[in-house]
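Load the model in your viewer and keep the selection panel at hand. The stops below each give a selection and then what is there.

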Amino acid sequence: MVRTAAVAGAAVAVTTTVSALGAPGSSAGSAAGPGAAPGGAHWVDTWTSMPQLTEPHNMPPAPFTGDELVLDDSTVRQTIRTTIAGDRLRLRFSNAFGGAALPITRVSVALPAGGAAGVARIEPGTSRPVTFGGRPSAVVPTGAQMVSDPVHMKVPARTNLTVTVYLADGQASTSITSHPGSRTTSYLIKGDHTTATDLPGATGVDHWYFLSGAETWAHPRAAAAVMLGDSLTDGRGSTTNANNRWPDLLQDRLAATAPTAHVAVVNQAAGGNRVLNDGLGPNVLARLDRDVLARSGARWLLVFEGVNDLGTAQATEAAQRRTAADLIVAYRQIVTRAHAQGLRVYGATLTPFGRNQMYDDPGGVREAARQRVNDWIRTSGTFDAVIDFDRAVRDPDAPARLHPLYDEGDHLHLNPAGYAALARAVPAGLFR
């Protein structure tokens, strides 16, 4: 059981109503134009997931993966959680890592039964068709993405939605695009069940496939804050189907007060991701344009990544000094490129990994490198503000380690109480 007692030393240093889906075809405000109307409503991401090449153990299980063919004559039902509300919805499908074109036959969006995440059943009468250029189907070219037509519906804030996709012919490759660390259960079943109220006998998997974003036609003040990170932001150690990653909990905080209720906290993280080199997904410098700068309505960027770079570099003084120096150069690049697009950029200090079996080393050279990087983040003035995640979750009696109340068990990842501590550490005033 997670304990939530207050932790000494967790102070943070910083520099510087749910509505139902609308009726089919109903009008929801002015027509959605090609972009933001001056001073008016505009498209803003209300949910995102970082596209990745699907590893073999995260592929759809049999009988959904065959010999160079995946999800043939199959329905995929997935749950996403919105952040901010709006008057219309668009979905994004990614074939960034597909080895062949992705032919999508039919898509629908609905409310899940009971409003719950990770359920196969939808509320009767809420399913709405999703189209592409007025057609029910689309073919996403290799390496590309496809944005749907606007669906005329009221998009609820901080509410689960169900997206159901049918592929009549599957994808003719075993290289497919997904987000393995969904922390949310999806369902696979043979045949076209796009509008089915329930999927009895469906196979549950804790991954998202193909779906990479949802946008809403939102209030003029609405904007997105993009969280760029690794497994600590992707939510390893959080509760499946509970939406208690720290970005989710930060969203709940911001939604509670009027000055920040218009902020969409969108998660562009992946377990194992690195800043400098490819790992699970492309490195940050390679994916920055796609995952941050091209996001609809992005106004802020929070960078919380680098632990995997230190942890996978050799545990020698020379290797760690070089990696720390390269991280600093990369952070400067991220800030420069984001500032050029008008985003404010916030840097988060790297959290402890003392006693972690893979990353900690007897000589403490990786810990020394973490301290060098954190000292630079805190004092360089490069970021528009600094959020001290290290201070928020470290053990005050052993600062190289996570506080026991927050440790998921591997001494690197956090439990839900630890993620709540990170969410509390982010000042809401940064997004006003």
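Begin with helix α8, residues 416–425, in this predicted model. The helix is mostly covered, with 7 of its 10 residues buried. Select Ala 417, Gly 418, Tyr 419, Ala 421, Leu 422, Ala 423 and Ala 425 to see the buried ones. Then add α1, α2, β19, β21 (385–387) and α7 (389–393), which are among the elements covering these residues. At the N-terminal end of α8, show the side chain of Asn 415, which acts as a cap. One of the side-chain oxygens of Asn 415 is 3.1 Å from the backbone nitrogen of Ala 417.

**Largest nonpolar core**

Next, select Leu 301, Val 303, Tyr 331 and Phe 383. These residues have the most contacts inside the largest nonpolar core, a set of 38 residues. Two or more residues of this core come from each of β17 (223–229), β18, α3 (284–293), β19 (298–304), α4, α5 (317–340) and α6 (365–379). Which of the elements gives the most to this core? The answer is α5, with 8 residues.

Stay on Leu 301 and display its surroundings. Beyond the neighbours within four places in sequence, Leu 301 is in contact with Val 226, Leu 228, Leu 288, Val 292, Ile 334, Ala 338, Leu 343, Arg 344, Val 345 and Tyr 346. A second core, separate from this one, has 34 residues, including Leu 91, Val 140, Val 165 and Leu 211.

**Thr 79 and Pro 112**

Move to strand β3 and pick Thr 79. Is Thr 79 buried or exposed? Thr 79 counts as buried because its relative accessibility is 2%, and the cut-off for buried is under 20%. A polar atom of the Thr 79 side chain lies 3.2 Å from the backbone nitrogen of Gly 118. Away from its sequence neighbours within four places, Thr 79 has contacts that include Ala 116, Ala 117, Val 119, Thr 184, Thr 185 and Trp 208.

Now select Pro 112, in the loop between β6 (106–110) and β7 (128–130). Its relative accessibility is 1%, so Pro 112 counts as buried. With neighbours within four places in sequence set aside, Pro 112 touches Val 119, Arg 121, Ile 122, Glu 123, Asn 160, Leu 161 and Thr 162. Of these, Val 119, Asn 160, Leu 161 and Thr 162 are also in contact with Thr 79. For a distance check, pick the C-alpha atoms of Pro 112 and Pro 124: they are 9.2 Å apart, with the two positions 12 residues apart along the chain.

**Largest cavity**

Turn on cavity display. The largest cavity has a volume of about 230 Å³. Its lining has 22 residues, and Trp 47, Thr 48, Arg 245, Asp 248 and Asn 267 are the closest to the centre. At least two lining residues come from each of β1 (42–48), β3 (74–81), α2 (246–255) and β18 (263–269). Strand β18 gives the most, with 4 residues. By class, the lining of the largest cavity has 9 nonpolar, 9 polar and 4 charged residues.

**Largest pocket**

Finish at the largest pocket, whose volume is about 520 Å³. Select Arg 236, Gly 271, Gly 272, Leu 280 and His 413, which lie nearest the centre among the 22 lining residues. The elements that give two or more residues to this lining are α1 (231–234) and α4 (307–312). Colour the lining by class to see 5 nonpolar, 11 polar and 6 charged residues.

Technical notes: Residues are numbered from 1 along each chain as its sequence is written. This is a predicted model: local features need pLDDT of at least 70, side-chain atom pairs count only at pLDDT 80 or more; totals for chains, interfaces and linings use all residues. Side-chain values use heavy atoms; hydrogens and water are left out. On a 1 Å grid over the protein atoms alone, a cavity is a set of points where a 1.4 Å probe fits but cannot get out, and a pocket is an open set with protein on both sides within 12 Å along at least five of seven lines; lining residues have an atom within 4 Å of a point. Grid points are joined across faces, edges and corners, and a volume is the space filled by probe spheres set on the points. Ala, Val, Leu, Ile, Met, Phe, Trp, Tyr, Cys and Pro count as nonpolar, Asp, Glu, Lys and Arg as charged, and the others, Gly among them, as polar. A nonpolar core is a set of buried Ala, Val, Leu, Ile, Met, Phe, Trp, Tyr and Cys residues joined through side-chain atoms within 4.5 Å. Buried means under 20% relative accessible area, exposed over 50%, partly exposed in between (1.4 Å probe, protein chains only). Contact means heavy atoms within 4.5 Å. A polar contact is a pair of N or O atoms within 3.5 Å; within protein, one must be able to donate a hydrogen and the other to accept it, and residues adjacent in sequence count only if both atoms are side-chain atoms.
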